[in-house]
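Hi,

Here is the structure I promised to pass on. Have a look at it first, and then read my notes below.

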Amino acid sequence: MLGGYLMLVWLLAVSVCDLDMAEGEHLVKQLSLKYGKDKILFCQCDVTDYPQFEESFQTTMAALGGLDIVVNNAGIMNDRLWELEVDVNLNGMIRGTLLALRFMGKDRGGRGGVVVNMGSNVSLRPYVSLPIYTATKHAILGFTRSYGDLYHLNTTGVRILALCPSATDTKLFQNVKKQLLSAEFEKAWQRDTANSSPQKPECVGKALVQILHKAVSGTVWSVENGQPPYQVNFS
């Protein structure tokens with residue numbers, strides 16, 4: 001996937017799904033050395049391709065015997081490629097959630113589970129320099145809060161949450177000048193990010209584990225500056 005991995009989790013086994021086969025297989029090799037080959041699976045997957053996305057779920061179910069947690073983490077930040085950006089960030093997350101409900105929902109013969117949709121600090125505070133990226137990240141919260149409502153939880157048994165990290169040290173920021181819709185937006189980018197200090201990905205991972213255990217369906221959580229996650233309250 002572009003900009004991040006989709007994680008399909010069955011108990012202590014993990015299926016890593018990514019568009020970049022070389023990087024994905026490298027990560028799986030590292031994890032296998034630590035946790036065992038039978039605990040880690042890699043599936044090449046493009047979240048904009050529904051049949052391929054569906055196949056990743058089927059492969060994971062067949063190889064690991066079930067599915068408990070889905071983390072929709074794929075994303076790109078490039079307003080110049082805004083159609084792809086919307087298809088990955090928003091449509092990809094919707095596809096992943098609907099597939100998770102299909103494979104885990106109690107109303108579909110499953111036993112329930114958890115879906116975590118990865119938002120951003122931009123989900124909560126718009127970046128003037130990235131209006132289209134901001135739109136995709138705002139939409140994730142609306143979708144999560146709606147589908148996470150008790151109305152759906154009581155039917156599916158699947159909790160749906162959103163986690164919104166502040167700036168994190170990943171490959172998302174590669175060449176910002178080429179990621180802005182206009183070169184004129186660079187000053188706005190500098191203002192948007194003036195007070196940001198990237199946190200380590202490990203901090204986001206720890207926050208994810210914490211909310212998996214305690215978060216109520218439909219809630220939105222923020223993690224910033226390496227601190228513990230906190231719930232975002234909406235009036």
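Let me begin with the contacts (heavy atoms within 4.5 Å). Of those in the protein chain with a separation of 6 or more, 67% are between residues 24 or more positions apart.

A word on the source: this is a predicted model, in which local features need pLDDT of at least 70 and side-chain atom pairs count only at pLDDT 80 or more, while totals for chains, interfaces and linings use all residues. Residues are numbered from 1 along each chain as its sequence is written, and side-chain values use heavy atoms, with hydrogens and water left out.

The protein chain has eight helices and eight strands (DSSP runs, H or I of at least four residues for helices and E of at least two for strands, numbered from the N terminus). Its C-alpha atoms fill a box of roughly 50 × 45 × 35 Å along the principal axes.

Now to the inside. Of the 235 residues, 50% are buried (under 20% relative accessible area, 1.4 Å probe, protein chains only). The largest nonpolar core (buried Ala, Val, Leu, Ile, Met, Phe, Trp, Tyr and Cys residues joined through side-chain atoms within 4.5 Å) has 20 residues, and Phe57, Val70, Met104 and Val115 have the most contacts inside it. At least two residues of this core come from each of β3 (40-44), α2 (50-64), α3 (82-104) and β6 (158-165). The largest share, six residues, is supplied by α3. There is also a second, separate core of 15 residues, with Met118, Leu161, Leu212 and Ala215 among them.

Enjoy exploring!
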